[in-house]
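Open your viewer and keep the selection box handy. We will walk through this structure one stop at a time.

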Amino acid sequence: MQPDAAAHVAPPQKALDPIGLMLGSSGVVLVVLLILIVAAALVWLIWFLKFAQLSRLRGSLRAFERASENVPRGADLVALAERHKASPGGRVVLAVARRQENSGTSSELLGAIARRAVTAEQQRAMALMPTLSSIASAAPFVGLFGTVWGIMDAFLRIGVEKSASLPVVAPAIGEALIATAFGLVAAIPATVGYNYVDKRIGDLVDELSASADVWVETLAEGERGANPYAQQQRR
């Protein structure tokens with residue numbers, strides 16, 4: 001007689017179910033998981049907003065740079081900047097031209113004003129970056145806090161049940177470990193996103209700084225003894 005084949009069939013293994021573990025969590029661990037879920041969603045929202053912002057800034061800057069290549073006079077450059085006020089380059093040129101209202105402004109001073117305007121554009125582009133950095137650095141520790149709390153709960157269950165069997169400690173250990181996993185889910189995209197966006201912002205600022213030097217020379221040399229911004233305002 002053949003042995004019962006069913007007796008040798010291994011019991012089916014239970015698949016890992018992060019959603020089930022999250023829904024089964026309670027107390028502090030559940031609060032930690034909710035915080036991390038909100039942080040992870042915020043990371044992707046910031047990703048989208050920064051990508052759209054930097055694409056718009058880079059496109060408008062390059063359009064202004066192309067238009068300003070064949071502009072020989074400061075007054076024409078100011079007029080062009082007035083038509084490109086949404087461009088970082090246009091705002092830098094207007095900031096320098098406004099200062100030329102004061103007679104006797106040197107090229108060195110105009111260069112300093114241009115650098116200050118470039119810094120203002122950098123600060124504009126850096127909006128939301130501190131939030132992304134905070135999530136990248138804090139999310140693993142928030143998840144670790146949930147893990148520590150879950151392990152503490154597991155030890156308390158051992159003390160109450162007077163047993164260290166898997167049915168007693170497994171639920172609390174599972175909740176603890178899923179908190180760490182969710183912390184990494186929030187932190188890893190935040191870290192990658194921060195580095196990527198920061199690199200693009202740096203490239204944008206470098207390009208703007210290089211072009212600003214040319215614009216300052218155009219404003220300083222092309223309008224000796226005259227104020228291109230004042231001329232443009234009188235038109």
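Helices here are DSSP runs of H or I with at least four residues, numbered from the N terminus. With that in mind, colour the cartoon by secondary structure: the order of elements from the N terminus on is α-α-α-α-α-α-α-α. That makes eight helices and zero strands. Please remember throughout that this is a predicted model.

**The whole chain**

Show the surface next. The accessible surface of the protein is about 13,500 Å², and carbon and sulfur atoms account for 64% of that area. Of the 235 residues, 39% count as buried. Now think about contacts between residues at least 6 apart in sequence: 78% of them join residues at least 24 apart.

**Stop one: aromatic rings**

Select the aromatic side chains and show them as sticks. How many aromatic pairs does a search of the whole structure find? The search finds four. Zoom in on Phe64 and Trp215, whose ring centres are 5.0 Å apart with planes at 70 degrees; an angle over 60 counts as edge-to-face, so this pair is edge-to-face. The pair links distant parts of the chain, with Phe64 in helix α2 (residues 27-68) and Trp215 in helix α7 (residues 166-222), 151 residues apart. Both of these residues are buried. Then select Trp44, Trp47 and Tyr196, which ring pairs link into a cluster.

**Stop two: helix α5**

Move to residues 107-125, which form helix α5. Start at Ser107, which is partly exposed, with a relative accessible area of 25%. Draw a distance from its C-alpha atom to that of Ala220: the two are separated by 6.1 Å, although they lie 113 residues apart along the chain.

Next, check the length of the helix. The 19 residues of α5 should span 27 Å at 1.5 Å a residue, and the end C-alpha atoms are indeed 27 Å apart.

Which residues of α5 are buried? Highlight Leu110, Gly111, Ile113, Ala114, Ala117, Val118, Glu121 and Ala125. Looking down the axis, you will see that they cover an arc of only 160 degrees, which puts them on the same side of α5. Now turn to the face away from that buried side, where Glu108, Arg115, Arg116 and Gln123 are exposed.

**Stop three: the loop to α6**

Step along to Leu128, in the loop between α5 and α6. Most residues other than glycine have a negative phi. Leu128, however, has a positive phi, near 75 degrees. With 36% relative accessibility, Leu128 counts as partly exposed.

**Stop four: helix α6**

Select residues 129-161, the 33 residues of helix α6; at 1.5 Å a residue they should span 48 Å, and the end C-alpha atoms are 48 Å apart, which agrees. Where does α6 bend? Centre on Ala138, where the bend is about 40 degrees, and look for the proline Pro140, which follows within four residues.

Now colour the buried residues of α6: Met129, Leu132, Ile135, Ala136, Ala139, Gly143, Gly146, Thr147, Gly150 and Ala154. For the last selection, pick Lys162, which follows α6 and has a positive phi, near 55 degrees.

Terms used: Residues numbered from 1 in each chain as written. Predicted model: local features only at pLDDT ≥ 70, side-chain atom pairs only at ≥ 80, totals over all residues. Heavy atoms only, no water. Helix = DSSP H or I, 4+ residues; strand = E, 2+ residues; numbered from the N terminus. Expected span 1.5 Å × (residues − 1). Bend = angle between axes of the 7 residues up to and from the residue. Buried < 20%, exposed > 50% of the residue type's maximum accessible area, 1.4 Å probe, protein only. Contact = heavy atoms within 4.5 Å. Areas by Shrake-Rupley, 256 points an atom, 1.4 Å probe, with all protein chains shown as cover. Phe/Tyr/Trp six-rings, centres within 6.5 Å; stacked < 30°, edge-to-face > 60°. Arc of directions from axis to C-beta.
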